[in-house]
Amino acid sequence: MNDPNKLLLSGDEAVARAALDAGVILGTGYPGTPSTEILECFSQLGGRAQWAPNEKVALEVALGVAFAGARAMVTMKHVGVNVAADPLFTSAYTGVSGALLVVSADDPGIASSQNEQDNRHYAVAAGLPMLEPSDSQEAYDFTRAALETSERWKIPVLLRLTTRVCHSRTLVHPRAAGPAPKTPHFERDIRGRVMIPAYARPAHRRLRQKLSEIQVWNETSTLNRVIDGDRKLGVITSGVSYMHLREVAPHLRVLKLGFTYPLPMETIRAFAAGVERCLVLEEGDPYLADAIRAAGVVVESKPEMYRFDELDAGRVRRILAGDTSPETPVPSGKPPQLCVGCSYRYVFEAFRKLDCIVAGDIGCYTLGAVPPFEAIDACVCMGASIGVGLGMRHVLPAEEARRVVSVIGDSTFVHGGITGLVEMVYNPPPTGHVVLILDNATTAMTGHQEHPGTGRTLEHEPTGKLSIEDLARSVGIPNVVVCDPATDKPGFERLLRDCLGNGQLNLIVARRPCLLIAGKIKDYERAAEQCCETLAQEP
Amino acid sequence: MSERVTNIIIAGLGGQGVLTASAIVSELAFRAGFDVKQSELHGMSQRGGSVSSDIRFGREVFSPMVPTGAADYLVVVAPDQVEVNRYQLRPGGVLVEPGAVDAAELINKKSSNVALLGILSRHLDFSEAAWLEVIAAVFPEKLLAANLQAFALGRERA
Ligand SMILES: Cc1ncc(C[n+]2csc(CCOP(=O)(O)OP(=O)(O)O)c2C)c(N)n1
Ligand code: SF4
């Protein structure tokens, strides 16, 4: 029998539960696979969770909570940290009064992302302590440890997850919940919180001081442990790689690192000295191997070919054997496709027909890049469609420039497109430009989350609603049109053709709810109406 | 309890209930007292692409992923996903194919996933009562009857 207190949880669910048990008073973030479920689950468990327009705003909100003496959590996928990097770096200087947990969910193997960046580098670059769980139990334990570390040293702490940890369900034994959260209150600390040069210089020194104290503490932390075994080969590892290693070579001596910045370098040195050969096994970039070598410890590391893609038991076996022969490719499955009947179809058809040059963005509509459409010419990061489209319009010969259109989803527009519109008004290309916003009333790609443009909260309750067309008019775009390509295909084509060539700045909002969510939206609206009626009836 | 870890892969296309089927099996193993790990990649699964989920249970499980070519059981819900997943099966492993149950016999065609679990249930060492209990816990009231029928049909055809 399994212990009745044990639960079968995904890594994301474990983080949510731990955050709740640790008294996190507010969780915020922006959706992004594989991190999205953390806040959704936190909300289901009764935590206060909200979606922010993007990761930068989310981090700032969480930082404010932590300045007010409370415990906060902010969640995002790996590329979200790029967006949040500005406040992230300086929050290491200001520190916090309560606690701030920053969750970065990395995606080795690019299951659902635009790149494979290894965010462990952020811990080093910003100077933030970092923990790396290897399963859901550790996701739970490390979340609590990260919050304790954050509160003890008054510093934001990075919890670095990976897709495999986020989306695997393993057994978790939760601990008793901590004491009820303290009531937030403001304490003035101008020198500590206002990062003008005179205050930032000492703040940087304080940060380095904290990190060296944390390093000393980490040398004896139980978050890193040695698994006894054969001393012929010792392996230093972290994250889910540890699980693959135990699977294929349970007899080896292992140093399993959980707290991976600042590294417990003396512990590592002693471990390496105690084995005949020492190998560093890690997924992604050689972060551990480089740091350990830089400290003068002689270790072996994986061959370069294993920097790419996820590790698994088979690849770990190959690494242990020093095998660099070509890997057998696995048969490729069926790629995701646009839902049958998705209204984006009509938009792509119009692009093809008008021979558009399409600066694209990220969302379901990125699927317009693959056959049968092949109607998207660029996709870089959220919001890039507008700037990239403008750049092309600026320099291409006029007849080509007039074929350029920027296409962006509603959630992505709110996340990273608004400043692009301002740029368009401020630096208009000679041929004008067309921005097409695909407003399907949801963040479809990541599983249908709400965003400021839907006017509903994370819990699908009514709140303030951003009007895209009003916003566009107010920043000074002369031609703003709302349409539905699905109900009037020829009309949409005509509109797009006119806008491409009219020399003006145009914003088209193509509005039609995502097929998969249209029914639910009606339910939410009905629920909201009923709620208003009951309120109206109350005396 | 046996030392050996049982490795199961359930595969299909987005929207076919691969993840639900996988949740049922892992919950079953969990309730039976095993160490369990279940892993899946479901980034864009609702857009009809390939989805597969690994379930491993035993006394102690390390990696959450079934090692390549080590699946004891491969359950495939979509006919066109059999060949691309076959390499996952160990020699002598059991393939549960979509054709094994005629979808026309199901009250709800979407219950093929559970029908195939009915077949799988004949191979695993869990009582029928334990399966039914988990199925009842997973599905909402209005879908339960169709899924119980599908499960029974699968068990019969095995
Ligand atoms: C910085 C960053 N955060 C999050 C993501 C994950 N992500 C990709 S697209 C997207 C939003 C898609 O919504 P929308 O633009 O409305 O398009 P839809 O999928 O609804 O068509 C998100 C959250 C990302 N790629 N980059
Ligand atoms: S989920 Fe919605 S937006 Fe995405 S492809 Fe399907 S219908 Fe289109």
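## Ligand sites and fold of chain A

A polar side-chain atom of Tyr344(A) sits 2.7 Å from an oxygen atom of ligand 1. That is one of several polar approaches in this model, which is predicted. On the nitrogen side of things, an N or O atom in the side chain of Glu55(A) comes to 2.6 Å from a nitrogen atom of ligand 1. The backbone joins in as well: a polar backbone atom of Cys364(A) is 2.9 Å from an oxygen atom of ligand 1. In all, ligand 1 has 26 residues around it, and the closest are Glu55(A), Tyr344(A), Asp410(A), Thr412(A) and Ala444(A).

Ligand 2 calls on some of these residues too: Tyr344(A), Cys364(A) and Ala444(A) are among those that surround it. Chain A also supplies Leu338(A), Cys339(A), Cys342(A), Asn440(A), His448(A), Cys514(A), Leu515(A) and Leu516(A) to the surroundings of ligand 2. Chain B brings in Arg47(B). Since residues from chains A and B surround ligand 2, the site is shared between chains. Sorted by character, the shell around ligand 2 comes out as nine nonpolar residues, two polar and one charged.

Now for the fold. Chain A holds 20 helices and 19 strands. With a radius of gyration of 25 Å, close to the 24 Å that the globule rule gives for 539 residues, chain A is as compact as a globular protein of that length. Along the principal axes, its C-alpha atoms fill a box of roughly 75 × 70 × 60 Å.

One piece of chain A to look at is an open sheet of five strands, which run in the order 9-11-10-13-14 with mixed pairing. Strand 9 (225–227) and strand 14 (300–301) of chain A are the edge strands, each pairing on one side only. Inside the sheet, strand 10 (residues 230–238) and strand 13 (residues 277–281) of chain A are parallel partners, joined over five bridges. Across that pairing, Gly234(A) stands opposite Cys278(A) in strand 13 of chain A. Helix 10 (residues 241–248) of chain A packs on the sheet, where it touches strand 9, strand 10, strand 11 (252–257) and strand 13 of chain A. The direction of helix 10 makes about 150 degrees with that of strand 10 of chain A.

The loops have some details of their own. Gln117(A) lies between strand 5 (99–106) and helix 5 (120–126) of chain A, in the connecting loop. A polar atom of the Gln117(A) side chain is 3.2 Å from the backbone oxygen of His78(A), and the side chain also makes a polar contact of 3.0 Å with the side chain of Asn115(A). Leaving aside residues up to four places away in sequence, Gln117(A) touches His78(A), Val79(A), Asn82(A), Asp106(A) and Tyr122(A).

Then there is the backbone geometry. Most residues other than glycine have a negative phi, and most peptide bonds are trans. Thr33(A) and Pro34(A) are joined by a cis peptide bond, with omega about 5 degrees; Pro34(A) belongs to the loop between strand 2 (24–29) and helix 2 (37–44) of chain A. Another cis peptide bond links Tyr261(A) and Pro262(A), with omega about -10 degrees, and here Pro262(A) is in the loop between strand 12 (259–261) and helix 11 (265–273) of chain A. As for phi, Lys154(A) has a positive value near 55 degrees despite being a residue other than glycine. Lys154(A) is found in the loop that runs between helix 6 (136–153) and strand 7 (157–162) of chain A.

Terms used:
Residues are numbered from 1 along each chain as its sequence is written. Chains are lettered from A and ligands numbered from 1 in the order in which they are written. This is a predicted model: local features need pLDDT of at least 70, side-chain atom pairs count only at pLDDT 80 or more; totals for chains, interfaces and linings use all residues. Side-chain values use heavy atoms; hydrogens and water are left out. A residue is near a molecule or strand if one of its heavy atoms lies within 4 Å of it. Ala, Val, Leu, Ile, Met, Phe, Trp, Tyr, Cys and Pro count as nonpolar, Asp, Glu, Lys and Arg as charged, and the others, Gly among them, as polar. Two strands pair if DSSP finds at least two bridges between them. Helices (H or I, at least four residues) and strands (E, at least two) are DSSP runs, numbered from the N terminus. Contact means heavy atoms within 4.5 Å. Axes are lines fitted to C-alpha atoms, for helices over the stretch in contact, and angles run from 0 to 180 degrees between N-to-C directions. A polar contact is a pair of N or O atoms within 3.5 Å; within protein, one must be able to donate a hydrogen and the other to accept it, and residues adjacent in sequence count only if both atoms are side-chain atoms. The radius of gyration is taken over C-alpha atoms; the globule rule is 2.2 Å times the number of residues to the power 0.38.
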